[in-house]
Amino acid sequence: MNSIYIYIFIMFFVTYLIRVLPLTLIRKKIKNRTFQSFLYYVPYVTLAIMTFPAMIYASNNIIAGIIAFIVGIFVAWVDGSLFKVAISCSLVVFIIELII
Amino acid sequence: MSFDKSVFKEGNKDGIPIGLGYFAVAFSLGIAASNAGLTAFQAGLSSILCNASAGQYAGYTIIESNGTYLEMVIVTLIINARYLLMSFALSQRVEKNTSLIHRLLLGFTAITDELFAIAISKKGNINPYYSYGAFIVASFGWASGTVLGVIAGNLLPNRLVSAFSVLLFGMFLAVIIPPMKQNKTIRAIVVISFFTSFVSSYIPVLSNLSDGTRVIILTIALSLIAAILFPVEVIDNE
(Lines give C-alpha, C1' and ligand atoms only; values in the text may rest on other atoms or scores of the structure.)
Protein backbone atom coordinates (compact mmCIF):
# COMPACT_ATOMS: atom_id res chain seq x y z
CA MET A 1 0.00 0.00 0.00
CA ASN A 2 1.50 3.31 -1.08
CA SER A 3 1.33 6.34 1.19
CA ILE A 4 -1.42 8.82 0.40
CA TYR A 5 0.83 11.66 1.55
CA ILE A 6 3.49 10.74 -0.99
CA TYR A 7 0.83 10.64 -3.71
CA ILE A 8 -0.35 14.09 -2.67
CA PHE A 9 3.22 15.41 -2.60
CA ILE A 10 3.86 14.11 -6.13
CA MET A 11 0.63 15.72 -7.37
CA PHE A 12 1.66 19.01 -5.80
CA PHE A 13 5.30 18.90 -6.91
CA VAL A 14 4.62 18.07 -10.57
CA THR A 15 1.72 20.52 -10.86
CA TYR A 16 3.71 23.36 -9.29
CA LEU A 17 6.78 22.68 -11.42
CA ILE A 18 4.71 22.95 -14.61
CA ARG A 19 3.19 26.20 -13.38
CA VAL A 20 6.35 27.89 -12.25
CA LEU A 21 9.11 26.90 -14.69
CA PRO A 22 8.29 29.18 -17.64
CA LEU A 23 7.43 32.07 -15.29
CA THR A 24 10.77 31.93 -13.53
CA LEU A 25 13.05 30.90 -16.39
CA ILE A 26 11.80 33.16 -19.17
CA ARG A 27 12.86 36.69 -18.34
CA LYS A 28 12.85 38.14 -21.84
CA LYS A 29 10.01 39.28 -24.00
CA ILE A 30 9.82 36.88 -26.91
CA LYS A 31 9.61 39.10 -29.97
CA ASN A 32 8.58 36.42 -32.42
CA ARG A 33 5.22 37.50 -33.83
CA THR A 34 3.88 34.00 -34.42
CA PHE A 35 4.78 32.96 -30.88
CA GLN A 36 3.11 36.04 -29.40
CA SER A 37 0.01 35.42 -31.50
CA PHE A 38 0.03 31.77 -30.42
CA LEU A 39 0.01 32.75 -26.74
CA TYR A 40 -2.69 35.32 -27.42
CA TYR A 41 -5.02 32.66 -28.83
CA VAL A 42 -4.25 29.89 -26.30
CA PRO A 43 -6.71 30.93 -23.56
CA TYR A 44 -9.66 31.30 -25.94
CA VAL A 45 -9.00 28.02 -27.71
CA THR A 46 -8.36 26.01 -24.57
CA LEU A 47 -11.41 27.33 -22.69
CA ALA A 48 -13.64 26.83 -25.73
CA ILE A 49 -12.45 23.23 -26.08
CA MET A 50 -13.00 22.51 -22.41
CA THR A 51 -16.49 24.05 -22.43
CA PHE A 52 -17.99 22.31 -25.41
CA PRO A 53 -19.23 19.61 -25.54
CA ALA A 54 -18.35 18.86 -21.85
CA MET A 55 -20.87 21.42 -20.58
CA ILE A 56 -23.87 19.74 -22.17
CA TYR A 57 -22.96 16.43 -20.52
CA ALA A 58 -22.17 17.92 -17.10
CA SER A 59 -25.67 17.98 -15.60
CA ASN A 60 -28.11 15.08 -15.25
CA ASN A 61 -30.02 16.01 -18.36
CA ILE A 62 -28.49 16.68 -21.78
CA ILE A 63 -31.35 18.95 -22.90
CA ALA A 64 -30.86 21.09 -19.79
CA GLY A 65 -27.15 21.16 -20.64
CA ILE A 66 -27.73 22.32 -24.21
CA ILE A 67 -30.13 25.07 -23.12
CA ALA A 68 -27.73 26.18 -20.37
CA PHE A 69 -24.95 26.41 -22.96
CA ILE A 70 -27.08 28.57 -25.28
CA VAL A 71 -28.38 30.77 -22.46
CA GLY A 72 -24.80 31.16 -21.13
CA ILE A 73 -23.58 32.39 -24.51
CA PHE A 74 -26.52 34.78 -24.75
CA VAL A 75 -26.05 36.27 -21.27
CA ALA A 76 -22.28 36.54 -21.78
CA TRP A 77 -22.85 38.36 -25.08
CA VAL A 78 -25.37 40.82 -23.62
CA ASP A 79 -23.94 41.36 -20.13
CA GLY A 80 -20.59 39.65 -19.72
CA SER A 81 -20.42 39.53 -15.93
CA LEU A 82 -18.75 36.34 -14.71
CA PHE A 83 -21.19 35.84 -11.86
CA LYS A 84 -24.40 36.49 -13.82
CA VAL A 85 -23.41 34.14 -16.62
CA ALA A 86 -22.50 31.31 -14.24
CA ILE A 87 -25.66 31.70 -12.14
CA SER A 88 -27.95 31.86 -15.20
CA CYS A 89 -26.52 28.59 -16.52
CA SER A 90 -27.02 26.98 -13.14
CA LEU A 91 -30.59 28.27 -12.80
CA VAL A 92 -31.47 27.05 -16.28
CA VAL A 93 -30.37 23.52 -15.40
CA PHE A 94 -32.24 23.62 -12.11
CA ILE A 95 -35.50 24.84 -13.68
CA ILE A 96 -35.39 22.56 -16.73
CA GLU A 97 -34.70 19.49 -14.62
CA LEU A 98 -37.63 20.49 -12.43
CA ILE A 99 -39.93 20.59 -15.46
CA ILE A 100 -38.69 17.47 -17.25
CA MET B 1 6.87 46.06 -5.95
CA SER B 2 5.02 47.26 -2.88
CA PHE B 3 1.73 45.98 -1.57
CA ASP B 4 -1.22 47.52 -3.42
CA LYS B 5 -4.35 47.28 -1.31
CA SER B 6 -6.86 48.46 -3.90
CA VAL B 7 -5.59 46.00 -6.51
CA PHE B 8 -5.63 43.21 -3.93
CA LYS B 9 -9.24 44.04 -3.04
CA GLU B 10 -10.21 44.14 -6.70
CA GLY B 11 -8.80 40.62 -6.94
CA ASN B 12 -10.84 39.59 -3.87
CA LYS B 13 -13.98 40.84 -5.56
CA ASP B 14 -13.34 39.08 -8.87
CA GLY B 15 -12.42 35.97 -6.94
CA ILE B 16 -15.89 35.67 -5.34
CA PRO B 17 -17.78 34.20 -8.33
CA ILE B 18 -14.83 31.91 -8.99
CA GLY B 19 -14.74 30.82 -5.35
CA LEU B 20 -18.48 30.06 -5.42
CA GLY B 21 -18.12 28.02 -8.58
CA TYR B 22 -15.06 26.27 -7.16
CA PHE B 23 -16.94 25.46 -3.98
CA ALA B 24 -19.66 23.67 -5.94
CA VAL B 25 -17.26 21.77 -8.17
CA ALA B 26 -14.90 20.94 -5.31
CA PHE B 27 -17.83 19.45 -3.45
CA SER B 28 -18.17 16.76 -6.11
CA LEU B 29 -14.37 16.41 -6.15
CA GLY B 30 -14.52 15.77 -2.40
CA ILE B 31 -16.94 12.91 -3.01
CA ALA B 32 -14.41 11.39 -5.44
CA ALA B 33 -11.60 11.87 -2.90
CA SER B 34 -13.64 10.17 -0.22
CA ASN B 35 -14.33 7.23 -2.54
CA ALA B 36 -10.58 6.97 -3.18
CA GLY B 37 -9.97 6.61 0.56
CA LEU B 38 -8.71 10.10 1.43
CA THR B 39 -9.64 11.67 4.74
CA ALA B 40 -11.16 15.16 4.82
CA PHE B 41 -7.76 16.52 5.90
CA GLN B 42 -5.87 14.78 3.10
CA ALA B 43 -8.40 15.90 0.49
CA GLY B 44 -8.30 19.49 1.76
CA LEU B 45 -4.50 19.44 1.77
CA SER B 46 -4.37 18.23 -1.82
CA SER B 47 -6.81 20.97 -2.83
CA ILE B 48 -4.78 23.72 -1.14
CA LEU B 49 -1.56 22.47 -2.73
CA CYS B 50 -2.80 21.60 -6.22
CA ASN B 51 -5.82 23.71 -7.18
CA ALA B 52 -6.28 21.56 -10.24
CA SER B 53 -9.70 20.08 -10.85
CA ALA B 54 -9.07 17.58 -13.63
CA GLY B 55 -5.56 16.90 -12.33
CA GLN B 56 -6.76 16.14 -8.81
CA TYR B 57 -9.59 13.99 -10.05
CA ALA B 58 -7.16 11.90 -12.10
CA GLY B 59 -4.82 11.74 -9.12
CA TYR B 60 -7.55 10.38 -6.87
CA THR B 61 -8.30 7.67 -9.42
CA ILE B 62 -4.68 6.56 -9.22
CA ILE B 63 -4.75 6.55 -5.42
CA GLU B 64 -7.95 4.52 -5.54
CA SER B 65 -6.39 1.91 -7.83
CA ASN B 66 -3.16 1.94 -5.77
CA GLY B 67 -1.18 2.90 -8.89
CA THR B 68 2.58 3.47 -8.94
CA TYR B 69 4.20 6.81 -8.10
CA LEU B 70 5.53 6.99 -11.66
CA GLU B 71 1.98 6.72 -12.98
CA MET B 72 1.05 9.61 -10.72
CA VAL B 73 3.90 11.71 -12.16
CA ILE B 74 2.98 11.00 -15.78
CA VAL B 75 -0.76 11.49 -15.40
CA THR B 76 -0.32 14.74 -13.46
CA LEU B 77 2.13 15.95 -16.09
CA ILE B 78 -0.17 15.25 -19.02
CA ILE B 79 -3.45 16.43 -17.49
CA ASN B 80 -1.93 19.68 -16.26
CA ALA B 81 0.31 20.41 -19.25
CA ARG B 82 -1.92 23.32 -20.30
CA TYR B 83 -0.66 25.16 -17.21
CA LEU B 84 2.76 25.21 -18.88
CA LEU B 85 1.28 27.19 -21.77
CA MET B 86 -0.44 29.54 -19.32
CA SER B 87 2.81 30.06 -17.44
CA PHE B 88 4.49 30.89 -20.76
CA ALA B 89 1.79 33.42 -21.51
CA LEU B 90 2.10 35.00 -18.05
CA SER B 91 5.89 35.21 -18.37
CA GLN B 92 5.30 37.56 -21.27
CA ARG B 93 2.88 39.73 -19.34
CA VAL B 94 4.73 40.33 -16.07
CA GLU B 95 6.97 43.34 -15.65
CA LYS B 96 10.50 42.44 -16.67
CA ASN B 97 12.03 43.16 -13.26
CA THR B 98 9.41 41.21 -11.28
CA SER B 99 11.29 39.51 -8.45
CA LEU B 100 11.75 35.75 -8.13
CA ILE B 101 9.49 35.58 -5.09
CA HIS B 102 6.62 37.22 -7.00
CA ARG B 103 7.20 34.85 -9.91
CA LEU B 104 7.14 31.84 -7.57
CA LEU B 105 3.95 33.09 -5.94
CA LEU B 106 2.29 33.93 -9.27
CA GLY B 107 2.97 30.38 -10.41
CA PHE B 108 1.11 29.14 -7.35
CA THR B 109 -1.78 31.62 -7.40
CA ALA B 110 -2.50 32.69 -10.97
CA ILE B 111 -2.48 29.46 -12.94
CA THR B 112 -5.80 27.69 -12.90
CA ASP B 113 -8.16 27.95 -15.86
CA GLU B 114 -10.28 30.63 -14.21
CA LEU B 115 -7.65 32.59 -12.27
CA PHE B 116 -5.45 32.69 -15.35
CA ALA B 117 -8.38 33.87 -17.46
CA ILE B 118 -9.17 36.85 -15.22
CA ALA B 119 -5.47 37.77 -14.82
CA ILE B 120 -4.77 37.70 -18.54
CA SER B 121 -7.95 39.58 -19.47
CA LYS B 122 -6.67 42.67 -17.59
CA LYS B 123 -5.01 45.31 -19.73
CA GLY B 124 -1.27 45.89 -19.48
CA ASN B 125 1.20 44.08 -17.25
CA ILE B 126 0.03 41.59 -14.64
CA ASN B 127 -0.13 42.99 -11.13
CA PRO B 128 0.70 40.05 -8.82
CA TYR B 129 -1.42 41.49 -6.00
CA TYR B 130 -4.53 41.20 -8.14
CA SER B 131 -3.88 37.48 -8.57
CA TYR B 132 -3.07 37.01 -4.87
CA GLY B 133 -6.35 38.69 -3.93
CA ALA B 134 -8.37 36.53 -6.30
CA PHE B 135 -6.52 33.37 -5.25
CA ILE B 136 -7.19 33.77 -1.53
CA VAL B 137 -10.95 33.91 -2.08
CA ALA B 138 -11.07 31.28 -4.83
CA SER B 139 -8.75 28.87 -3.05
CA PHE B 140 -10.84 29.10 0.11
CA GLY B 141 -13.89 28.02 -1.91
CA TRP B 142 -11.93 25.22 -3.53
CA ALA B 143 -10.46 23.77 -0.32
CA SER B 144 -13.56 24.17 1.85
CA GLY B 145 -15.71 22.65 -0.91
CA THR B 146 -13.43 19.62 -1.09
CA VAL B 147 -13.43 19.11 2.67
CA LEU B 148 -17.19 19.47 2.86
CA GLY B 149 -17.60 17.08 -0.06
CA VAL B 150 -15.70 14.41 1.86
CA ILE B 151 -17.70 14.98 5.03
CA ALA B 152 -21.19 15.57 3.65
CA GLY B 153 -20.89 14.36 0.07
CA ASN B 154 -24.01 12.36 -0.11
CA LEU B 155 -26.26 14.72 1.83
CA LEU B 156 -26.69 17.37 -0.90
CA PRO B 157 -29.76 16.78 -3.10
CA ASN B 158 -28.78 15.40 -6.50
CA ARG B 159 -30.79 18.15 -8.20
CA LEU B 160 -28.55 20.81 -6.68
CA VAL B 161 -25.32 18.99 -7.54
CA SER B 162 -26.52 18.80 -11.13
CA ALA B 163 -27.30 22.52 -11.29
CA PHE B 164 -23.92 23.38 -9.70
CA SER B 165 -22.09 21.28 -12.24
CA VAL B 166 -22.50 23.86 -15.03
CA LEU B 167 -21.30 26.83 -12.94
CA LEU B 168 -17.67 26.57 -14.01
CA PHE B 169 -18.56 26.22 -17.68
CA GLY B 170 -20.69 29.34 -17.38
CA MET B 171 -17.59 31.12 -16.12
CA PHE B 172 -15.57 29.92 -19.08
CA LEU B 173 -18.25 31.33 -21.39
CA ALA B 174 -18.09 34.68 -19.59
CA VAL B 175 -14.38 34.82 -20.42
CA ILE B 176 -14.46 33.80 -24.08
CA ILE B 177 -17.76 35.22 -25.37
CA PRO B 178 -17.52 39.00 -24.66
CA PRO B 179 -14.31 39.53 -26.73
CA MET B 180 -16.11 37.89 -29.69
CA LYS B 181 -18.27 40.98 -30.04
CA GLN B 182 -15.44 43.24 -31.22
CA ASN B 183 -12.92 40.76 -32.56
CA LYS B 184 -13.88 38.78 -35.67
CA THR B 185 -10.85 36.49 -35.44
CA ILE B 186 -11.66 35.45 -31.87
CA ARG B 187 -15.26 34.93 -32.93
CA ALA B 188 -14.18 32.54 -35.67
CA ILE B 189 -11.61 30.76 -33.50
CA VAL B 190 -14.01 30.13 -30.62
CA VAL B 191 -16.64 28.70 -32.99
CA ILE B 192 -14.04 26.53 -34.73
CA SER B 193 -12.73 25.35 -31.34
CA PHE B 194 -16.25 24.37 -30.20
CA PHE B 195 -16.76 22.49 -33.44
CA THR B 196 -13.38 20.73 -33.49
CA SER B 197 -13.70 19.74 -29.85
CA PHE B 198 -17.14 18.25 -30.50
CA VAL B 199 -16.05 16.35 -33.60
CA SER B 200 -12.81 15.11 -32.04
CA SER B 201 -14.70 13.37 -29.27
CA TYR B 202 -16.08 11.06 -31.96
CA ILE B 203 -12.97 10.58 -34.12
CA PRO B 204 -11.46 7.12 -33.35
CA VAL B 205 -7.84 7.99 -32.42
CA LEU B 206 -8.55 11.32 -30.74
CA SER B 207 -11.55 10.11 -28.76
CA ASN B 208 -9.43 7.38 -27.16
CA LEU B 209 -7.13 9.98 -25.59
CA SER B 210 -7.84 11.30 -22.10
CA ASP B 211 -9.63 14.64 -21.96
CA GLY B 212 -6.46 16.35 -20.74
CA THR B 213 -4.35 15.10 -23.65
CA ARG B 214 -7.04 15.99 -26.17
CA VAL B 215 -7.26 19.52 -24.79
CA ILE B 216 -3.49 19.99 -25.13
CA ILE B 217 -3.25 18.62 -28.66
CA LEU B 218 -6.20 20.65 -29.93
CA THR B 219 -5.07 23.80 -28.10
CA ILE B 220 -1.60 23.69 -29.62
CA ALA B 221 -2.82 22.80 -33.11
CA LEU B 222 -5.64 25.37 -33.34
CA SER B 223 -3.73 28.21 -31.64
CA LEU B 224 -0.77 27.64 -33.95
CA ILE B 225 -2.95 27.67 -37.07
CA ALA B 226 -4.65 30.84 -35.84
CA ALA B 227 -1.28 32.46 -35.05
CA ILE B 228 0.04 31.72 -38.53
CA LEU B 229 -3.12 32.76 -40.39
CA PHE B 230 -4.06 35.76 -38.22
CA PRO B 231 -0.96 37.11 -36.47
CA VAL B 232 -1.79 39.80 -33.89
CA GLU B 233 -0.06 43.16 -33.58
CA VAL B 234 3.10 42.71 -31.53
CA ILE B 235 2.54 44.53 -28.25
CA ASP B 236 5.74 46.07 -26.98
CA ASN B 237 4.98 46.96 -23.41
CA GLU B 238 8.46 47.30 -21.99
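## A cis proline in chain A

Pro53(A) sits in the loop between helix 2 and helix 3 (54–58) of chain A; helices here are DSSP runs of H or I with at least four residues, numbered from the N terminus. The peptide bond leading into Pro53(A) from Phe52(A) is cis, with omega near 5 degrees.

Keep in mind that this is a predicted model, where local features need pLDDT of at least 70 and side-chain atom pairs count only at pLDDT 80 or more, while totals for chains, interfaces and linings use all residues. Residues are numbered from 1 along each chain as its sequence is written, and chains are lettered from A, with ligands numbered from 1, in the order in which they are written.

## Helix 2 of chain A against chain B

Helix 2 of chain A (residues 33–51) meets helix 10 of chain B (residues 167–176), with axes that come within 10 Å and cross at roughly 145 degrees. Axes are lines fitted to C-alpha atoms, for helices over the stretch in contact, and angles run from 0 to 180 degrees between N-to-C directions. The crossing is left-handed, a label for a near helix turned anticlockwise from the far one by less than a right angle. On the chain A side, the contact involves Tyr44(A), Leu47(A), Ala48(A), Met50(A) and Thr51(A), and on the chain B side Phe169(B), Phe172(B), Leu173(B), Val175(B) and Ile176(B). Contact here means C-beta atoms, placed from the backbone, within 7 Å. By class, that contact has nine nonpolar residues, one polar and no charged. Ala, Val, Leu, Ile, Met, Phe, Trp, Tyr, Cys and Pro count as nonpolar, Asp, Glu, Lys and Arg as charged, and the others, Gly among them, as polar.

Helix 2 of chain A also packs on helix 7 of chain B (residues 113–120), at an angle of about 145 degrees and with the axes 11 Å apart. This crossing is left-handed too. Pro43(A), Leu47(A) and Met50(A) touch Asp113(B), Phe116(B), Ala117(B) and Ile120(B), a set with six nonpolar residues, no polar and one charged. For the two chains as wholes, 82 residues of chain B are in contact with 67 of chain A. The chain B side of that has 54 nonpolar, 21 polar and seven charged residues.

## Helix 10 and the core

Within chain B, helix 10 packs on helix 1 (residues 5–35) at an angle of about 145 degrees, with axes 8 Å apart. Met171(B) is one of the helix 10 residues in that contact, and Pro17(B), Ile18(B) and Gly21(B) are among those from helix 1. Leaving aside neighbours within four places in sequence, Met171(B) also contacts Leu82(A), Val85(A), Ala86(A) and Glu114(B).

Met171(B), Cys89(A) and Leu115(B) touch the most other members of the largest nonpolar core, which has 111 residues. Such a core is a set of buried Ala, Val, Leu, Ile, Met, Phe, Trp, Tyr and Cys residues joined through C-beta atoms within 7 Å. It draws at least three residues from each of domain 1 (5–165) and domain 2 (177–238) of chain B, with bounds from an automatic or database domain assignment. The centres of those two domains, taken over C-alpha atoms, are 23 Å apart.

## Two asparagines with positive phi

Asn51(B), in the loop between helix 2 (40–50) and helix 3 (53–64) of chain B, has a positive phi of about 45 degrees. Asn51(B) counts as buried because 27 C-beta neighbours lie inside 10 Å; the cut-offs are 20 or more for buried, 12 or fewer for exposed, and partly exposed in between.

Asn66(B), in the loop between helix 3 and helix 4 (69–79) of chain B, has a positive phi near 55 degrees. Asn66(B) is exposed, with 11 other C-beta atoms within 10 Å.
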